[in-house]
Amino acid sequence: MSTMMTVLPEPPHVLAVDDSIVDRAVISRLLRSSKYRVTTVDSGKRALEVLSLQDRNVHMIITDYCMPEMSGYDLLKRVKESAELREIPVVIMSSENSPTRIQMCLEEGAEEFLIKPVRPSDVSRLCSRLITR
């Protein structure tokens, strides 16, 4: 009698980018509680380094808008300009509710703009919409 093994699909991988250690911990906990695999980095530059690794299979990027050196907006532009990365959905987070900033990010290709603090309902809505495509 042969037994069939069920191979469970690997959980979707989210790259979370925020210069604040507290905000990184919060978003990471929210994503992990929704059964996602999370890699956290503290800058847009580090995010691009992670994305350049061949074995990194990232399904979504969630990034803070306001960071030193490279803003979340700059990271979004770099991702959307890259032939290899442009299909990855990018979500921007900010503690500032600026309609101009939100519009600018959405026009540049962001899938969503979340106002901090990010809530569990934001994460479940995002993940069901973006990752199950």
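In strand β2, Arg-37 is the bridge partner of His-13. The structure is a predicted model, in which local features need pLDDT of at least 70, side-chain atom pairs count only at pLDDT 80 or more, and totals for chains, interfaces and linings use all residues. Residues are numbered from 1 along each chain as its sequence is written, and side-chain values use heavy atoms, with hydrogens and water left out.

## Overall fold

The protein chain has five helices and five strands. Helices (H or I, at least four residues) and strands (E, at least two) are DSSP runs, numbered from the N terminus. Read from the N terminus, the order of elements is β-α-β-α-β-α-β-α-β-α.

Of the 133 residues in the protein chain, 46% are buried. Buried means under 20% relative accessible area, exposed means over 50%, and partly exposed lies in between (1.4 Å probe, protein chains only). The exposed surface of the protein chain comes to about 7900 Å², of which carbon and sulfur atoms supply 52%; these areas come from the Shrake-Rupley method with a 1.4 Å probe, and for residues only the protein chains shown count as cover.

Among contacts in the protein chain with a separation of 6 or more, 60% are between residues 24 or more positions apart. A contact means heavy atoms within 4.5 Å.

## Strand β1

Strand β1 (residues 13-17) is largely enclosed by the rest of the structure, because five of its five residues are buried. His-13, Leu-15 and Val-17 point one way from β1, while Val-14 and Ala-16 point the other way. In a regular strand the side chains alternate between the two faces of the sheet.

Strands β1 and β2 (residues 37-41) run parallel and are joined by five bridges. Two strands pair if DSSP finds at least two bridges between them.

## The site around Asp-64

Asp-64 lies in strand β3 (residues 60-64) and is buried, with a relative accessible area of 7%. The UniProt annotation "modified residue: 4-aspartylphosphate", from an unreviewed entry, covers Asp-64. UniProt positions are given in the numbering used here, feature names are shortened, and annotations may be inferred rather than shown by experiment.

Not counting residues up to four places away in sequence, Asp-64 touches Val-17, Asp-18, Asp-19, Gly-72, Met-93, Ser-94 and Lys-116. One of these, Asp-18, sits in the loop between β1 and α1 and is buried at 1% relative accessible area. With neighbours within four places in sequence left aside, the contacts of Asp-18 include Asp-23, Arg-24, Asp-64 and Lys-116.

Ser-94 is in strand β4 (residues 90-94) and is buried at 3% relative accessibility. Outside the residues up to four places away in sequence, its contacts include Asp-64, Arg-101, Phe-113 and Lys-116. The C-alpha atoms of Ser-94 and Phe-113 are 7.7 Å apart, with the two residues 19 apart along the chain. A polar atom of the Ser-94 side chain lies 3.0 Å from the backbone nitrogen of Glu-96.

## Salt bridges

Side chains of opposite charge can pair when their charged atoms come close. A salt bridge is a side-chain nitrogen of Lys or Arg within 4 Å of a carboxyl oxygen of Asp or Glu. The count by this rule is eight salt bridges. Three of the pairs are listed here.

| Salt bridge | N to O distance |
|---|---|
| Asp-23 and Lys-116 | 2.9 Å |
| Glu-49 and Arg-46 | 2.6 Å |
| Arg-101 and Glu-96 | 3.5 Å |

Salt bridges link Asp-18, Asp-23, Asp-64 and Lys-116 in a network. Within this network, Asp-23 and Lys-116 form a salt bridge of 2.9 Å. The pair links distant parts of the chain, with Asp-23 in helix α1 (residues 21-33) and Lys-116 in the loop between β5 (112-115) and α5 (120-130), 93 residues apart. Asp-23 is partly exposed at 26% relative accessibility, whereas Lys-116 is buried at 15%.

Glu-49 and Arg-46 are three residues apart in helix α2 (residues 44-52), so about one helical turn separates them. Glu-49 is partly exposed at 35% relative accessibility, and Arg-46 is partly exposed with a relative accessible area of 37%.

In the pair of Arg-101 and Glu-96, Arg-101 is buried with a relative accessible area of 15%, whereas Glu-96 is partly exposed at 41% relative accessibility.

Notes
Polar contact = N/O pair within 3.5 Å; in protein donor to acceptor, adjacent residues only side chain to side chain.
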